Amino acid sequence: MTTLIPVLGDQLSHALSSLAGQDKKTCVILMAELDEETAYVPHHKSKMAFILSAMRHHADDLRSAGWTVDYVKLTDPENSGSFTGELARALERHSASAICVTEAGEWRVKAMLDSWADRFDVPVEIRADDRFLCDHAEFESWAKDRKQLRMEYFYRDMRRKSKLLMDGDAPAGGQWNFDAENRKPAKRDLAMPQPLHFAPDDITQDVIHMVEAKFATNMGQTAKFGFAVTRADALKQQAYFLKHALPPFGDYQDAMLTDEPFLWHSILSPYLNTGLLDPLELCRAVEAQYQAGKVPINAAEGFIRQVIGWREYVRGIYWHAGPQYVESNALGAERPLPEFYWTGKTDMHCLSQTVDQTIAYSYAHHIQRLMITGNFALLAGINPVDVHRWYLAVYADAYEWVELPNSLGMSQFADGGMLASKPYAASGAYINRMSDYCSSCRYDVKQKTGPKACPFNALYWEFIARNEDRLRKNPRMAMPYKNWDRMAETDKVALRRQAQQFLETLG
């Protein structure tokens with residue numbers, strides 16, 4: 001009597017629910033590298049190298065722990081290309097009498113798992129994924145009868161539930177949220193920590209060579225590949241962040257500097273989203289640093305909010321909204337994604353910086369994603385599905401459950417306000433305030449019209465004008481529309497003409 005346990009590429013945890021209580025002597029773990037996963041969007045080369053190498057290392061870790069692992073590589077000539085196909089082959093190979101799997105993280109994969117009971121003549125057990133603090137039923141209960149599903153209130157409930165940063169029933173430090181203290185621009189600092197770089201071992205080198213050969217035309221470089229691909233190394237990066245980068249992380253988490261892709265960010269999200277790190281374990285380690293007096297409350301709270309607040313919240317929104325969420329386009333944006341999102345070839349320094357580092361590292365931090373690439377796409381009226389597919393393809397931490405609500409909801413306001421209370425739209429002034437990008441740009445951030453004017457300035461007002469019917473009644477948009485109303489008609493016409501002329505250059 002053999003139980004087959006499929007383990008997906010984002011389930012690289014020894015604490016996976018499908019492994020709990022199983023007899024290692026009667027189980028076979030199935031892991032497979034698949035065409036259907038590597039090709040459903042044109043993934044960044046480093047993203048694929050990271051995930052596939054992490055999978056291969058995890059398979060070795062499982063074997064060392066006493067599990068039998070059946071591992072199918074992408075280059076296996078018998079590889080069917082789909083998980084259902086590989087499951088069928090494995091059931092026959094091992095004469096398995098049952099399947100036990102942890103629930104999927106995405107709608108398309110859920111549909112696949114749900115089909116197995118009818119497809120195969122063996123019992124299929126799908127277990128809940130208990131790596132999250134909030135399960136589906138709890139989120140639905142929280143969301144029921146609420147007119148607005150705001151993250152802040154959900155986050156407070158998660159703080160109470162986890163008891164993280166709590167003094168009894170009250171939040172540590174006397175308030176729930178210290179975000180107002182976390183918006184400082186950064187200055188160059190020779191002591192700025194750099195994340196650990198993990199030199200590719202033989203397994204990773206083999207994966208990189210395979211990816212470079214099989215996906216030669218995909219975006220990205222692997223020359224600077226340095227991701228941790230084991231839990232042991234991910235824990236080293238976690239410890240490094242806690243000691244060297246977390247203390248000033250709060251102050252400067254929204255800052256951007258030329259040629260500094262990492263600043264004081266943790267670079268831990270790829271490891272959380274693949275399962276190499278445990279989110280609650282990480283948050284408790286952050287809390288311990290605060291309790292020991294090693295980091296200020298705004299840094300500890302800001303980081304914990306991103307994990308048990310925002311990360312848990314967007315997962316809840318993803319499953320609450322349903323598979324049709326991807327079709328959201330509340331602002332009617334239809335412009336194609338500009339080519340420079342793939343090449344970085346643009347005179348806008350902030351965008352070239354963000355895309356160039358994305359090409360090099362498959363990484364950009366949250367403000368670069370939201371207020372540079374996301375903000376430009378929002379202002380320019382780029383089709384939100386194109387934006388979603390780009391984010392999903394190019395970032396190593398991007399899985400649809402976490403990426404889609406961030407892209408369509410927060411970044412593009414395509415869900416009409418289900419997730420965000422207002423569009424995150426900004427002119428060049430915001431970028432200038434939070435970065436040094438503008439000082440190296442051929443455009444002048446202080447000019448609104450003319451050949452040297454920063455494109456973000458006219459695009460911002462074009463966005464305000466274009467979406468007036470949809471946004472004027474939003475109370476959080478009252479100030480922009482008051483400022484728009486005060487403008488002379490000639491200035492309005494000049495700004496909109498400037499924006500349209502720029503948009504025509506995008507094709």
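This briefing describes selected side-chain contacts, a pocket and two backbone features of the structure above. The model is a predicted one, and every value below was computed from it. A search of the whole structure finds 28 salt bridges, and several of them are taken up here together with the surroundings of Glu152, the second largest pocket and two residues with a positive phi.

**Glu152 and its surroundings**

- Glu152 is placed in helix 6, which covers residues 151-162, and with a relative accessibility of 18% Glu152 counts as buried, because the limit for a buried residue is under 20% relative accessible area.
- Within that helix, the side chain of Glu152 meets the side chain of Arg156 in a salt bridge, with an N to O distance of 3.1 Å.
- The two partners, Arg156 and Glu152, are 4 residues apart in helix 6, which is about one turn of the helix, and Arg156 is partly exposed at a relative accessible area of 25%, whereas Glu152 is buried.
- The side chain of Glu152 also makes a polar contact of 2.9 Å with the side chain of Asn177.
- When residues up to four places away in sequence are not counted, Glu152 touches Trp176 and Asn177, so that Asn177 appears both as a polar partner and as a contact residue of Glu152.

**Other salt bridges**

- Glu37 and Arg108 are joined through their side chains by a salt bridge of 2.8 Å, taken from N to O.
- Because Glu37 belongs to helix 1 (residues 35-38) and Arg108 to helix 4 (residues 107-119), this pair ties together parts that are 71 residues apart in sequence.
- Glu37 counts as partly exposed, with a relative accessibility of 29%, and Arg108 is likewise partly exposed, with a relative accessible area of 33%.
- Lys236 and Asp233 form a salt bridge in which the closest N and O atoms are 3.4 Å apart.
- Both Lys236 and Asp233 lie in helix 8 (residues 231-252), where they are 3 residues apart, about one turn of the helix.
- In this pair Lys236 is partly exposed, with a relative accessible area of 48%, while Asp233 is buried, with a relative accessible area of 18%.
- A network of salt bridges links four residues, namely Asp179, Arg183, Glu301 and Arg305.

**The second largest pocket**

- The volume of the second largest pocket is about 250 Å³, and of the 17 residues that line this pocket, those closest to its centre are Pro195, Leu196, Gly226, Phe262 and Tyr361.
- Sorted by class, the lining of the second largest pocket consists of 11 nonpolar, 5 polar and 1 charged residues.

**Residues with a positive phi**

- As background for the two residues that follow, most residues other than glycine have a negative phi.
- Ser95, although it is not a glycine, has a positive phi of about 45 degrees, and Ser95 is found in the loop that runs between helix 3 (83-94) and strand 4 (96-102).
- With a relative accessible area of 58%, Ser95 is exposed, because exposed residues are those over 50%.
- Phe413, which is also a residue other than glycine, has a positive phi near 55 degrees, and its place is in the loop between helix 16 (400-411) and helix 17 (428-434).
- Phe413 counts as buried, with a relative accessibility of 5%, whereas Ser95 is exposed.

Key
Residues numbered from 1 in each chain as written. Predicted model: local features only at pLDDT ≥ 70, side-chain atom pairs only at ≥ 80, totals over all residues. Heavy atoms only, no water. Helix = DSSP H or I, 4+ residues; strand = E, 2+ residues; numbered from the N terminus. Buried < 20%, exposed > 50% of the residue type's maximum accessible area, 1.4 Å probe, protein only. Polar contact = N/O pair within 3.5 Å; in protein donor to acceptor, adjacent residues only side chain to side chain. Contact = heavy atoms within 4.5 Å. 1 Å grid on protein atoms, 1.4 Å probe; cavity = no way out; pocket = protein on both sides within 12 Å on 5 of 7 lines; lining within 4 Å. Points joined across faces, edges and corners; volume = space filled by probe spheres on them. Nonpolar A, V, L, I, M, F, W, Y, C, P; charged D, E, K, R; others polar.
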